Amino acid sequence: MKRTPLTGAFYARPTAEVARRLLGHVLVSRIRGREVAGRIVETEAYIGPHDPACHAYGDRRTARTETLYGTPGIAYVYFTYGMHWCLNAVTERVDYPAAVLIRALEPLAGIELMRRRRGTVPDHALCAGPARLCEALGITGAQNGRSLQRGDLRILRDGRTRFRIAVTPRIGITTAQDWPLRFVVADSPWLSR
DNA sequence: GGTAGGATAAGCT
DNA sequence: GCTTATCCTACCA
């Protein structure tokens with residue numbers, strides 16, 4: 001079955017809606033010609049200048065956050081805690097800084113390569129966390145600002161699977177801790193926690 | 001099963 | 001100097 005990329009219009013909508021609707025679709029990495037793929041099972045929304053947990057809170061437009069202000073459907077990849085990369089899909093409209101953090105995948109293809117990249121971890125931890133999935137897929141700052149519709153990183157439509165969605169507060173943040181903006185495939189064994 | 005502490009650097013005040 | 005959209009290991013139960 002042929003899968004096609006989610007279009008720019010898919011991302012040009014309210015961020016929480018994009019976060020919810022990304023669940024079940026497939027993230028494919030073809031970095032350095034090697035294909036690795038997983039189904040998105042956990043996301044979080046970071047919604048613009050009025051969201052205290054968003055990097056662009058207060059409309060802080062800097063070299064780092066510039067990508068968040070870009071075209072919906074590009075990747076925002078940032079570096080944190082001195083050693084980890086995290087992947088987002090930019091949403092809404094140009095000049096409005098919002099994105100969806102991809103927090104966990106169900107591994108679908110290239111699992112041997114994921115194991116080599118991740119080292120000695122059980123399979124359920126291969127892509128269970130935003131930095132873990134970036135390591136498993138080979139994602140770094142080289143992908144920041146790149147389209148998710150073509151090239152090294154793509155998110156492909158897949159509506160075949162049915163599942164229940166659960167909503168919780170976001171993880172690892174210190175402000176706006178009660179905002180229900182984390183979306184998960186309920187009961188998936190591949191979640192970050 | 002659980003949690004505390006450390007790694008390690010960009011970006012901010 | 002302090003914080004951070006994290007992860008791993010060590011240790012305790």
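**Figure 1. Surroundings of Thr 65 in the predicted model.** The backbone nitrogen of Thr 62 is placed 2.8 Å from a polar atom in the side chain of Thr 65. The structure shown here and in the other views is a predicted model. Thr 65 belongs to the loop that runs between strand 2 (36–47) and strand 3 (75–80). With a relative accessible area of 2%, Thr 65 is buried. When neighbours within four places in sequence are set aside, the contacts of Thr 65 are His 55, Ala 56 and Arg 60.

**Figure 2. Thr 71 in the loop between strand 2 and strand 3.** The relative accessibility of Thr 71 is 46%, so this residue counts as partly exposed. Thr 71 touches Val 90 and Val 94, with residues up to four places away in sequence not counted. Ser 192 is 121 residues from Thr 71 along the chain, and the C-alpha atoms of the two are 28 Å apart.

**Figure 3. Protein residues around DNA strand B.** Arg 60, Thr 62, Arg 64, Tyr 81, Gly 82 and Met 83 are the residues around this strand. By class, this surface has two nonpolar, two polar and two charged residues. Among the atoms of DNA strand B within 4 Å of the protein, 50% are sugar or phosphate atoms, and the rest are base atoms. On the phosphate side, a polar side-chain atom of Thr 62 lies 3.5 Å from a phosphate oxygen of DNA strand B. Two backbone contacts involve bases. A backbone N or O atom of Tyr 81 is 2.4 Å from a base oxygen of DNA strand B, and a backbone N or O atom of Gly 82 is 3.4 Å from a base nitrogen of that strand.

**Figure 4. Protein residues around DNA strand C.** This strand is surrounded by 18 residues, of which Tyr 78, His 84, Asn 88, Arg 118 and Arg 132 are the closest. The residues of this surface divide by class into nine nonpolar, six polar and three charged. Sugar or phosphate accounts for 55% of the atoms of DNA strand C within 4 Å of the protein, and bases for the rest. Several polar contacts reach phosphate oxygens. An N or O atom in the side chain of Arg 132 lies 2.6 Å from a phosphate oxygen of DNA strand C. For Thr 174, an N or O atom of the side chain is 2.9 Å from a phosphate oxygen of the strand. Ala 131 places a polar backbone atom 3.0 Å from a phosphate oxygen of DNA strand C. Strand 4 (84–90), strand 5 (98–109) and helix 4 (130–137) are the elements that give two or more residues to this surface. Helix 4 supplies the largest share, three residues.

**Figure 5. Packing of helix 4.** Six of the eight residues of helix 4 are buried, so the helix is largely enclosed by the rest of the structure. These buried residues are Pro 130, Ala 131, Leu 133, Cys 134, Ala 136 and Leu 137. They pack against strand 1 (26–29), strand 2, strand 4, strand 5 and helix 3 (111–118). Gly 138, just after helix 4, takes a positive phi of about 80°. Helix 4 is also the element that gives the largest share of the surface near DNA strand C.

**Figure 6. Aromatic pairs and arginines over rings.** A search of the whole structure gives three aromatic pairs. One of them joins Phe 10 and Tyr 11, which are edge-to-face, with 5.3 Å between centres and 80° between planes. Phe 10 has 6% relative accessibility and therefore counts as buried. Tyr 11 is buried, with a relative accessible area of 0%. Another pair, Phe 79 and Trp 85, is tilted, with 4.8 Å between centres and 50° between planes. Phe 79 counts as partly exposed at 39% relative accessibility, and Trp 85 counts as partly exposed at 29%. Two arginines lie over ring faces. Arg 13 is over the face of Phe 10, 4.8 Å from the ring centre. Arg 170 is over the face of Tyr 46, 4.7 Å from the ring centre.

How values were computed:
Residues numbered from 1 in each chain as written. Chains lettered and ligands numbered in written order. Predicted model: local features only at pLDDT ≥ 70, side-chain atom pairs only at ≥ 80, totals over all residues. Heavy atoms only, no water. Near = heavy atom within 4 Å. Polar contact = N/O pair within 3.5 Å; in protein donor to acceptor, adjacent residues only side chain to side chain. Nonpolar A, V, L, I, M, F, W, Y, C, P; charged D, E, K, R; others polar. Phe/Tyr/Trp six-rings, centres within 6.5 Å; stacked < 30°, edge-to-face > 60°. Buried < 20%, exposed > 50% of the residue type's maximum accessible area, 1.4 Å probe, protein only. Lys NZ or Arg CZ within 6 Å of the ring centre and 35° of its normal. Helix = DSSP H or I, 4+ residues; strand = E, 2+ residues; numbered from the N terminus. Contact = heavy atoms within 4.5 Å.
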